[in-house]
Amino acid sequence: TVENERQKALVYAAEKAIIMQAAVEASSKSLEDLQQMHVQTLGELASTECVVAKKGSELEVLQNDHEKLKVDYDSCAEQLRICEESLTRKDKEIVKHCMTTDNLETKI
């Protein structure tokens, strides 16, 4: 009968509505989970960016220190070169003096 068909259609529609409601609830739960993961990932990203920025600052400090040390090293190397030249001159003067002294002793 028409009434029977109508009842079956209503039951079918009610069952479909229950299934759809469950699907909507599952989707809502998945969306909430994804939003929470997104927030957590953003937090992790922010933390990582902070670490990267800190490491970048540390790297900059080390590069500056390296440049200063390089300048100091170059200065020390130049001073060493000057001292070695001076020592070479002094050695020559000493040898010359010794030779002069030897010549004087042989003359005496």
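## Charged pairs and cysteines along one helix

Biologist: Let's start with Arg81: what is its relative accessibility, and how does it count?

Modeller: Arg81 has 37% relative accessibility, and it counts as partly exposed because that value lies between the 20% and 50% cut-offs. Please keep in mind that this is a predicted model.

Biologist: Which side chains does Arg81 meet in salt bridges?

Modeller: One partner is Glu78, with a nitrogen-to-oxygen distance of 2.4 Å, and another is Glu85, also at 2.4 Å from N to O. These bridges share a partner, and they join Glu78, Arg81 and Glu85 into one network.

Biologist: Where do those residues sit in the fold, and how far apart are they along the chain?

Modeller: Arg81 and Glu78 both belong to helix α1, where three residues, about one turn of the helix, separate them. Glu85 lies in helix α1 as well, four residues from Arg81, and that spacing is again about one turn.

Biologist: And those two glutamates, how do they count for exposure?

Modeller: Glu78 is partly exposed, with a relative accessibility of 35%, and Glu85 is also partly exposed, at 37%.

Biologist: How many salt bridges are there in total?

Modeller: The count comes to four salt bridges. One of them joins Glu58 and Lys55, whose side chains meet at 3.6 Å from N to O, a distance that falls within the 4 Å cut-off. As general background, side chains of opposite charge can pair when their charged atoms come close.

Biologist: Why can Glu58 get to Lys55, in terms of where they sit on the helix?

Modeller: The two residues are three apart in helix α1, which runs over residues 2-107, so about one helical turn separates them. Glu58 itself is partly exposed, at 33% relative accessibility.

Biologist: Switching to cysteines, how many disulfides are there?

Modeller: The count of disulfides is zero. Cys83, for instance, is in no disulfide, because the nearest cysteine sulfur, which belongs to Cys76, is 10 Å away, whereas a disulfide needs the two sulfur atoms within 2.5 Å.

Biologist: What about the accessibility of Cys83 and Cys50, for labelling curiosity?

Modeller: I can only speak for the computed values: Cys83 is partly exposed, with a relative accessible area of 46%, while Cys50 counts as exposed, at 54%.

Biologist: What is going on at Thr1, and where is it placed?

Modeller: Thr1 is in the segment before α1, and it counts as exposed, with 71% relative accessibility. A polar atom of its side chain lies 3.2 Å from the backbone nitrogen of Asn4.

Biologist: How far is Thr1 from Cys98, in sequence and in space?

Modeller: They are 97 residues apart in sequence, and their C-alpha atoms are 140 Å apart in space.

Biologist: Then how many helices and strands does the chain have, and what box do its C-alpha atoms fill?

Modeller: The chain has one helix and zero strands, and its C-alpha atoms fill a box of roughly 155 × 15 × 10 Å along the principal axes. The radius of gyration is 45 Å, whereas a compact globule of 108 residues would have one near 13 Å.

Biologist: What share of the residues counts as buried, and what makes up the accessible surface?

Modeller: Of the 108 residues, 0% count as buried, so by the 20% cut-off there is no buried share to report. The accessible surface comes to about 10,100 Å², and carbon and sulfur atoms account for 63% of that area.

Methods: Residues are numbered from 1 along each chain as its sequence is written. This is a predicted model: local features need pLDDT of at least 70, side-chain atom pairs count only at pLDDT 80 or more; totals for chains, interfaces and linings use all residues. Side-chain values use heavy atoms; hydrogens and water are left out. Buried means under 20% relative accessible area, exposed over 50%, partly exposed in between (1.4 Å probe, protein chains only). A polar contact is a pair of N or O atoms within 3.5 Å; within protein, one must be able to donate a hydrogen and the other to accept it, and residues adjacent in sequence count only if both atoms are side-chain atoms. The radius of gyration is taken over C-alpha atoms; the globule rule is 2.2 Å times the number of residues to the power 0.38. Accessible areas come from the Shrake-Rupley method with a 1.4 Å probe; for residues, only the protein chains shown count as cover.
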